[in-house]
Amino acid sequence: MEILNVVKIVLLVILGITSFLLTGLILLHKGRGGGVSDMFGGGFTSNLGASGVAETNLNRITVFIGLTWGLVIIALGLIQRFAQFGDS
């Protein structure tokens, strides 16, 4: 069971890192308008936004980090579920 605890700790660290990265990456995206971002001044159009390539790369990285985050949560749930069976 010692290896299971180490894996759980590693996954929790990865979960924390990916949570912060995902939050930051989502905040970096351009607002599409008409939403909450308009209330705080995000509705102004600007030519200082990211280029098409940078926005595409930001989307790819965000999707990758989001999938990683989701997989880590599933793995932690499975570990929790199987750890309950081991205690019985």
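Is V7 buried, partly exposed or exposed? The legends below take this up, using a predicted model.

**View 1. A close look at V7 in helix 1.** V7 belongs to helix 1, which covers residues 2-28. With a relative accessible area of 36%, V7 is partly exposed, because that category lies between under 20% for buried and over 50% for exposed.

**View 2. V7 and its companions in a nonpolar surface patch.** Here V7 appears together with I3, V6, V10 and I14. These residues form a nonpolar patch on the surface, and their accessible area together is about 400 Å².

**View 3. The helices of the chain.** Stepping back, we find three helices and zero strands. Following the sequence along gives the pattern α-α-α. Of contacts between residues at least 6 apart in sequence, 92% link residues that are at least 24 apart.

**View 4. The surface of the chain.** The chain has 88 residues, and 15% of them are buried. Its accessible surface is about 6900 Å², with 71% of that belonging to carbon and sulfur atoms.

**View 5. Confidence from helix to helix.** Helix 1 has the highest mean pLDDT among the elements of the chain, at 93. Helix 2, residues 36-39, has the lowest, at 54. For the chain, the mean pLDDT is 82, and 73% of the residues reach 70 or more. A friendly caution goes with this view: where pLDDT is low, predicted coordinates should not be read in detail.

Notes. Residues are numbered from 1 along each chain as its sequence is written. This is a predicted model: local features need pLDDT of at least 70, side-chain atom pairs count only at pLDDT 80 or more; totals for chains, interfaces and linings use all residues. Side-chain values use heavy atoms; hydrogens and water are left out. Patches are made of residues with over 30% relative accessible area and no salt bridge: like charges are joined within 9 Å, nonpolar side chains (Val, Leu, Ile, Met, Phe, Trp, Tyr) within 5 Å. Accessible areas come from the Shrake-Rupley method with a 1.4 Å probe; for residues, only the protein chains shown count as cover. A salt bridge is a side-chain nitrogen of Lys or Arg within 4 Å of a carboxyl oxygen of Asp or Glu. Helices (H or I, at least four residues) and strands (E, at least two) are DSSP runs, numbered from the N terminus. Buried means under 20% relative accessible area, exposed over 50%, partly exposed in between (1.4 Å probe, protein chains only). Contact means heavy atoms within 4.5 Å. pLDDT is the predictor's confidence in each residue, from 0 to 100.
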